[in-house]
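Reader: I am new to reading protein models. Can you take me through some features, one at a time?

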Amino acid sequence: TVKAIQEFKPIEVTNPSEGTYIFDLGQNIAGFARLHVKGEAGTTVKLRFGEMLNQDGTLYTDNLRSAKATDYYTLKGDENGETYEPRFTFHGFRYIEVTGYPGVPTAEDIIGIALSSLQETTGTFTTSNEWVNQLQSNITWGQRDNFISVPTDCPQRDERLGYTGDGQVFVRTASMNMDVNQFFVKFMEDVISNQRADGAVADWTPNYVTPGDGMSGSFGNSGWGDAVVII
C-alpha cells in the first residue's frame with residue numbers, strides 16, 4: 001500500500017520574480033505538497049514541481065519532458081482558510097513553485113509529503129566518510145521515491161513506468177535496505193499477468209503496449225525479461 005512516510009517543512013523560500021515563490025524542501029522526494037491558503041473565492045493557486053533550479057533561481061523543468069507536474073487549486077473563500085492536497089497524483093521534486101497565491105506565502109503554508117510503498121527499514125550502512133554516507137542516503141531515498149506501487153525508473157518525468165529491467169538491477173540492494181518482500185510479490189504477479197502467450201515478459205508492468213501495434217519489441221528483451229528469474 002502506498003502511504004505518506006514523512007513530511008518536510010521548507011528550509012528556504014525565495015522570490016525569483018514578482019508573484020513567484022520557490023519553496024526548497026532540502027530533500028528530493030516523490031509525493032505531493034499540502035497547501036494552506038486563505039483568500040477570495042475563485043482565486044486559483046498554481047503549484048509546479050521540479051528537482052533543480054536554474055542559475056537565476058527559477059524552477060528547472062527541462063528534464064520533465066512532456067510531464068506538466070502542475071497542480072491547481074481554486075479557493076472556495078473559506079474565511080478560516082483552506083487546506084489542499086491532491087489525492088490521485090504524485091510528483092518527483094525538491095522545489096515547489098507557487099504562483100497566484102493571495103498575499104505572500106511563508107514556510108508555514110507549504111508542506112512536502114513523501115510517499116512510498118516501503119515503510120520498514122531493515123538494513124543500514126554508515127562509514128567515517130560523509131560523502132559515502134550521503135551517497136547511501138541518496139540511494140535509500142531513490143528507493144523510496146521509485147517504489148510506489150511498482151518499481152519505476154524515475155518519479156518526476158513522463159516515464160513513470162514499472163520497468164522490469166530497473167527492478168531486477170536494483171532488487172538485491174533494495175532487499176538489503178528495506179522490507180521489499182510483499183512489494184516484489186505483488187510486482188511479479190503483475191509481470192505474470194502481462195506475459196505474452198509464448199511467455200515473453202514486457203519491459204514494463206503494467207504494460208500499455210500490445211503485440212502487433214508496432215512496439216512488440218517491448219517484450220522478451222534481455223535485461224528486462226531477466227526479471228522473472230532474478231527477482
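Author: Start with a charge and a ring. This is a predicted model. In it, R144 lies over the face of W141, at 4.6 Å from the ring centre.

Reader: Which residue lies over the face of F90?

Author: That is R160. The distance from R160 to the ring centre is 4.3 Å.

Reader: Now rings with rings. How do I describe a pair?

Author: Two values describe a pair of aromatic rings: the distance of the centres and the angle of the planes. This structure holds eight aromatic pairs. Take F49 and F93: their ring centres are 4.8 Å apart and their planes stand at 65°. Planes over 60 degrees apart count as edge-to-face, so the pair F49 and F93 is edge-to-face.

Reader: Where do F49 and F93 lie?

Author: F49 is in strand β4 (residues 44-50), and F93 is in strand β9 (residues 91-99). The pair therefore ties together parts that are 44 residues apart in sequence.

Reader: Is F49 buried or exposed?

Author: Use the cut-off: buried means under 20% relative accessible area. F49 has 1%, so F49 is buried. F93 has 0% relative accessibility, so F93 counts as buried too.

Reader: What angle do the planes of F147 and F184 make?

Author: Their planes are at 85°, and the ring centres are 5.7 Å apart. That makes F147 and F184 an edge-to-face pair. F147 lies in strand β11 (residues 147-148), while F184 lies in helix α3 (residues 181-194). So this pair links parts 37 residues apart in sequence. F147 is buried, at 5% relative accessible area. F184 is buried as well, at 6%.

Reader: Which residues form one aromatic cluster with F147 and F184?

Author: F170 and F183 join F147 and F184 in one aromatic cluster.

Reader: On to strands. How many residues of strand β10 are buried?

Author: Seven of the seven. Strand β10 covers residues 110-116, and it is largely enclosed by the rest of the structure because of that count. Check each face of β10 in turn. On one side, I110, G112, A114 and S116 are buried. On the other side, I111, I113 and L115 are buried. Both faces of β10 are covered.

Reader: In which sense does β10 pair with strand β1?

Author: The sense is antiparallel, over five bridges. Strand β1 spans residues 3-8. For one bridge, look at Q6: its partner in β10 is A114. Strand β3 (residues 20-37) also pairs with β10, in the antiparallel sense over five bridges. There, the bridge partner of L35 in β10 is I110.

Reader: Now the outside. Which residues make a nonpolar surface patch?

Author: V228, V229 and I230 make one, of about 250 Å². Look at V228, which sits in helix α4 (residues 227-230). V228 has a relative accessible area of 40%, so it is partly exposed.

Reader: Is R87 buried or exposed?

Author: The cut-off for exposed is over 50% relative accessible area. R87 has 70% relative accessibility, so R87 counts as exposed. Find R87 in the loop between β8 (82-84) and β9.

Reader: What distance separates the C-alpha atoms of R87 and F32?

Author: They are separated by 9.0 Å. Along the chain, R87 and F32 are 55 residues apart. Read both values when you look at such a pair.

Definitions and conventions. Residues are numbered from 1 along each chain as its sequence is written. This is a predicted model: local features need pLDDT of at least 70, side-chain atom pairs count only at pLDDT 80 or more; totals for chains, interfaces and linings use all residues. Side-chain values use heavy atoms; hydrogens and water are left out. Patches are made of residues with over 30% relative accessible area and no salt bridge: like charges are joined within 9 Å, nonpolar side chains (Val, Leu, Ile, Met, Phe, Trp, Tyr) within 5 Å. Accessible areas come from the Shrake-Rupley method with a 1.4 Å probe; for residues, only the protein chains shown count as cover. A salt bridge is a side-chain nitrogen of Lys or Arg within 4 Å of a carboxyl oxygen of Asp or Glu. Helices (H or I, at least four residues) and strands (E, at least two) are DSSP runs, numbered from the N terminus. Buried means under 20% relative accessible area, exposed over 50%, partly exposed in between (1.4 Å probe, protein chains only). Two strands pair if DSSP finds at least two bridges between them. Rings of Phe, Tyr and Trp (its six-membered ring) pair if their centres lie within 6.5 Å; planes under 30 degrees apart count as stacked, over 60 as edge-to-face and the rest as tilted. A charge sits over a ring if NZ of Lys or CZ of Arg is within 6 Å of the ring centre and within 35 degrees of the ring normal.
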